[in-house]
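Q: Hi! Could you walk me through this one? I'd like to talk about strands and cavities.

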Amino acid sequence: MKDTELLAVEGITKAYPGVVANSDVSFRIREGEVHSLLGENGAGKSTLVKMIYGLVKPDSGRMRLRGAAYEPKEPREARSSGVAMVFQHFSLFEALNVAENVALGMENPPAQRALAERIRTVSEDYGLPLDPNRLVGDLSAGERQRVEIIRCLLQDPKLLIMDEPTSVLTPQEVEILFKTLRQLSSEGTAILYISHKLEEIRDLCDGATILRRGKVVATCTPREKTARELAELMVGETLTPPARGEKVPGDVALDVVGLSVASPNPFGTSLQNVHMRVRKGEILGIAGVAGNGQDELLLALSGEIPTDRDAVKIAGRGVGDQGPNARRLAGLVAAPEERLGHAAAPDMSLTENALLSGAVRKGLVRHGMIDWASARSFAEGVVKDFDVRTPGVGTAARALSGGNLQKFVIGRELSQDPTVIVVNQPTWGVDAAAAASIRQALIDRAAAGAAVVVISQDLDELLEIADNFCALNGGRLSAPRPVQGLTVDEIGLMMGGAHGMEVAHAHA
Amino acid sequence: MIAGIDPVVLIASLMAASTPILLAALGELVAERSGVLNLGVEGMMITGAICGFIVAVHTGSPFLGFVAAAAGGAALALLFAFLTQVLLSNQVATGLAATLFGLGLSSLMGQGYSGIKPPPTANVPFGPLAHLPVLGPILFSHDWVLYFSLALVVGTWAFLKYTRAGLVLRAVGENHDAAHALGYRVRLIRTLALAHGGACAGLGGAYLSLVRVPQWTEGITAGAGWIALAIVVFASWRPGRVLLGAYIFGGVSVLQLRLQAAGIAIPVQILSMAPYLITILVLVVMSARRGRAAIGAPAALGRVFHASD
């Protein structure tokens, strides 16, 4: 193990109006070290790496790179100093091809043909095969991430920053990514790895810095801690896993037969012949890597995309050709992944947002006139029951933090006494405590007799709350399996394996 | 010969008739590929038309007139860029306002210039080549602006396809957040693209007032800027198809005038609307393939960029 210091961060502070994102943060990374930044959403991890990458300027504090003062004013400068970054939300251009995307992230790219050749060589050296001429819009999430990594590798970085790289990968793809990262580390490239997946960090990282509310609360060697200890350091309190009681599944509440839907999005995935049957009291977990038809499935179930009448049945009645309000009346509520703009209208108040979805089942509109008093008390009920932190129900949805808005959106649907619940990514970008309360609410609704469909990319979440498990892969839904006794390998295969990535490593 | 119309003369005159729209559409194409929807094209064209006319009349040089036209169009475009890129105003409303502003400004500036003849723009001397049968009138007897517009088609295509700057411009129009994260200056790139678009629209306008008509009348552009906007969309944001669209429109416009003159038994109203109808029909059929990738609309088109988001 090398002991020379690569990057030192000393006393960095960054404040935004109303919130201190980082307060006196210090840590150091050695050459070739895999170092993890751990923390909940909002702990200040992203702001910190943005400062290292030159996207944000610190208010005070210093950084040193290989002993020399390091103050990048823009990403260009950071890149030329040997710092590269793979973004959490991919910074890729869908309508451009792989080589063009790579060229955009380089300072002095070679001619397209030479670049294509280098992409091929480097991608095969690191076991991440890529065709430089393919359009990025046609690639899977795992392949897109390879584009980002290759873009960084072509510049021989000394420090590679990775912001939550595994959230979009299948377990097999994660394995391959880790192999690549270990290979890089053994060649002397340091890696700053941001995640809140604790097992991954224990598996991969040499050191960890734990952030809570913008401050460093601990520095440790993750292998010497248990996942539970790490989690409690992150959250600062003891966590209780959701409790679920015994239950007997009831009649079929949601029956989907041969559902095929063309995607409304040109780079989306069409659903092909999807079958599923969910009973009262059952939670069906649907896994899958992003972009395999999750959005389309939610749209088809919620009624935003009409289908054949009998492709979707609620309690035995065909509703496939009906819109969202008719389906709500029949007992089906849905909460899509995108909170702002899809689940909630950003500039409307919480009351108005509650009214938009709750009007039908809660009788908030009579003879075309809105019953504002009931709408307000409905919204207030949701805020109270689901612990939504907001100054009041007159606040615009946009003003709430992601986690609070998610609690409101889920709470709004669950408070309508539904018989069928469909949610997509219910805890995406939500802190651990809020996520736990959302999961508990879903379990409670199922216990009260609702049929629940949870679409999620978080496998731990599905394994924790679902009774049965299936996976979406390329718009096809696998047959359901009981969660008990399912291994991670089996799940990975259901999710589509590693998209042919193993082959290259066999040669490497 | 059909109804007394000589196809060679028809082709030669359609090229001249299409040039204003072609120039404006090429400029707008670059602006839209960078992600800005500029609905002020009509206003920038007519501003260019009057600026070019005034300068050409006073200096006696059509070339200086065209330079002034480009500057005038670009100045209005920079105003649009300041409003939309710096003050983050709504692009649609600002574009419509720019058109109305351009129309009003040009009619104010044009007071007293009606009925004056501008200095003529000479054809490029190709010597004996111009006297070749068929090819001569079509290829070798036009003014320099027309050749410039054709060179601009090739230039725009090559710029977008082969140059680094063109790649960055397309990237900005595709995903401005990602481009910003990679360290590209989204607003600067868009401002430059807009200025280029305004200059091209100005040239197109001056081609009307200095070559096609050639004199100053209020509202001289008569909706040519709107047609240019439509052609960019139906041409799937590709320079080659913009050329095709502009030439179809120009061709049908010229043809219907000849048909009217020849006294064909089709109502004048139907003939007059034919260019709009046929251009849009042809381009719709061509872009009717499925998927956004095939259509080629820049994904960030018309979206406001703010670095803090």
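A: Happy to! One term before we start: two strands pair if DSSP finds at least two bridges between them. Keep in mind that this is a predicted model.

Q: Good, so which residue in β7(A) is the bridge partner of A:V86?
A: That's A:M162. β6(A) and β7(A) pair in the parallel sense, over 4 bridges.

Q: And how many bridges join β7(A) to β8 of chain A?
A: There are 5 bridges, and those two strands run parallel as well. One residue pair there is A:I161 with its bridge partner A:L192 in β8(A).

Q: Is β7(A) buried or exposed?
A: Buried means under 20% relative accessible area. In β7 of chain A, residues 159-163, 5 of the 5 residues are buried, so the strand is largely enclosed by the rest of the structure.

Q: Which way do its residues point?
A: A:L159, A:I161 and A:D163 point one way, while A:L160 and A:M162 point the other way; all are buried.

Q: Switching to cavities: how many of 30 Å³ or more are there?
A: A search of the whole structure finds 5. The largest has a volume of about 60 Å³.

Q: What lines that largest one?
A: The lining includes A:Y53, A:R79, A:F87, A:E148, A:R151 and, from chain B, B:L182. By class, the lining residues are 6 nonpolar, 3 polar and 3 charged.

Q: Which element gives the most to that lining?
A: α5(A) does, with 3 residues. Both β6 (83-86) and α5 (141-153) of chain A supply at least two lining residues each.

Notes: Residues numbered from 1 in each chain as written. Chains lettered and ligands numbered in written order. Predicted model: local features only at pLDDT ≥ 70, side-chain atom pairs only at ≥ 80, totals over all residues. Heavy atoms only, no water. 1 Å grid on protein atoms, 1.4 Å probe; cavity = no way out; pocket = protein on both sides within 12 Å on 5 of 7 lines; lining within 4 Å. Points joined across faces, edges and corners; volume = space filled by probe spheres on them. Nonpolar A, V, L, I, M, F, W, Y, C, P; charged D, E, K, R; others polar. Buried < 20%, exposed > 50% of the residue type's maximum accessible area, 1.4 Å probe, protein only.
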